[in-house]
Amino acid sequence: MSQPTIGLALGGGGARGLSHIPVLEAFDELGLRPHAISGASIGAILGAAYACGLSGADIRKIALDTFGERNKVLSSLWQLRPRKWTQMFSGGLMQFDPVTVLDLFVTSHLPASFADLDIPLAIIAADYYGCSEVVLEDGDLKQAIAASIAIPAVFRPVERDGQVLVDGGVVNPLPFDALPVSCDLIVAVDVVGAPVQRNGQTLPSALDSLFGASQILMQTITREKLKSRHPDLLLRPADDNVRVLDFLQTRHILEQASPLKELAKHEIDRIITNHASI
């Protein structure tokens, strides 16, 4: 009996998105490869890495090597500083170029084009002026990922094919509906999380308010979408107080998400068995 085709959707959520890695490792340990992958924001980065042939263990090692040493990370961030005063601020906020960020941390591990991927990949971005979702599936891979991770107020928008694109999480933070209909089963990993109190303080800081509001928005989008359509398996790491840009907590995030691997293995095996009995 042939295995069912499985679509894998990796959601957005900033640094918490490193929790996708144990799920990728679960696929590896089950000897499964997704038929197709979709990703938004951090899910676009990890989806591209997995789609190009890297294993979950490979991606874990890259993440720890990239973010495990504080001084190394800070040195890389120093390279992102604007060279001119006029480049420092845009509309009152300092914004980073997402393409440059990817060049420093990620793209040496990725191919240049969607055409070079082993698994079909759909990357979600938002058309800023069109107020709509954009699904990117071909052409320049780095540019597409840069658009998908362009969190407003943190990264500059990306221009592509006449559109101004920003973070895919603001329109579709859990893009299981971007997977092809040819998928027999769909596994979705939601890493958005929710705002939490810090140090017993009732009122959040300005930065926590900004990113917490984004979490509320993304939770609302996903909740509404789940009312009409549901993946065959929805996985979520436990809520925690990790901020969206807390990549220096990579080791902690991976440790906290470690139970997801065994849970994913058990549940994926269950839905495959149930599908075979239909």
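This report describes the fold, burial, aromatic pairs and backbone of one predicted protein chain.

## Basis of the model

The model is predicted: local features need pLDDT of at least 70, side-chain atom pairs count only at pLDDT 80 or more, and totals for chains, interfaces and linings use all residues. Residues are numbered from 1 along each chain as its sequence is written, and side-chain values use heavy atoms, with hydrogens and water left out.

## Overall shape

The protein chain has 10 helices and 8 strands. Both are DSSP runs numbered from the N terminus: helices are H or I with at least four residues, strands are E with at least two. The radius of gyration is 18 Å, which agrees with the value near 19 Å for a compact globule of 278 residues. That radius is taken over C-alpha atoms, and the globule rule is 2.2 Å times the number of residues to the power 0.38. Along the principal axes, the C-alpha atoms fill a box of roughly 65 × 45 × 35 Å.

Contact means heavy atoms within 4.5 Å. Take the contacts between residues at least 6 apart in sequence: 77% of them join residues at least 24 apart.

## Surface and charge

Of the 278 residues, 49% count as buried. The classes rest on relative accessible area: buried is under 20%, exposed is over 50%, and partly exposed lies in between (1.4 Å probe, protein chains only). The chain exposes about 13500 Å², with 54% supplied by carbon and sulfur atoms. Areas come from the Shrake-Rupley method with a 1.4 Å probe; for residues, only the protein chains shown count as cover.

There are 23 positive and 31 negative side chains. Lys and Arg count as positive, Asp and Glu as negative; His and the chain ends are not counted. The centres of the two sets lie 7 Å apart. Each charge is placed at NZ of Lys, CZ of Arg, CG of Asp or CD of Glu.

## Helices H1 and H2

Helix H1 spans residues 20–30. It is largely enclosed by the rest of the structure, because 8 of its 11 residues are buried. Among them are His20, Glu25 and Phe27. Just after H1, glycine 31 takes a positive phi of about 70°.

Helix H2 covers residues 42–51, and 10 of the 10 are buried, so H2 too is largely enclosed by the rest of the structure. The buried set includes Ile42, Leu46 and Tyr50. Glycine 53, just after H2, has a positive phi of about 110°.

## Buried contact sites

Leucine 18 sits in the loop between strand E1 (6–10) and H1. It is buried, at 4% relative accessible area. Leaving aside neighbours within four places in sequence, leucine 18 contacts Leu46, Ala63, Phe247, Thr250, Ile253 and Leu254. Leu46 is one of the buried residues of H2. The C-alpha atom of leucine 18 is 20 Å from that of valine 99, 81 residues away along the chain.

Alanine 188 belongs to strand E7 (residues 185–189). It is buried, with a relative accessible area of 0%. Not counting residues up to four places away, alanine 188 touches Ala9, Leu174, Phe176, Pro231, Leu233, Leu234 and Leu235. Its C-alpha atom and that of arginine 236, 48 residues apart along the chain, are separated by 8.7 Å.

## Aromatic pairs

The structure holds 3 aromatic pairs. Tyrosine 128 and tyrosine 129 have ring centres 5.0 Å apart and planes at 85°, so this pair is edge-to-face. Rings of Phe, Tyr and Trp (its six-membered ring) pair if their centres lie within 6.5 Å; planes under 30 degrees apart count as stacked, over 60 as edge-to-face and the rest as tilted. Tyrosine 128 is exposed at 51%, and tyrosine 129 is exposed at 65%.

Phe67, Phe105 and Phe247 form one aromatic cluster. Phe247 is also among the contacts of leucine 18.

## Positive phi outside glycine

Most residues other than glycine have a negative phi. Serine 41 has a positive phi near 60°. It lies in the loop between strand E2 (36–40) and H2, and it is buried at 7% relative accessible area.

Alanine 153 has a positive phi of about 80°. Its loop runs between helix H7 (141–148) and strand E5 (158–160). At 26% relative accessibility, alanine 153 is partly exposed.
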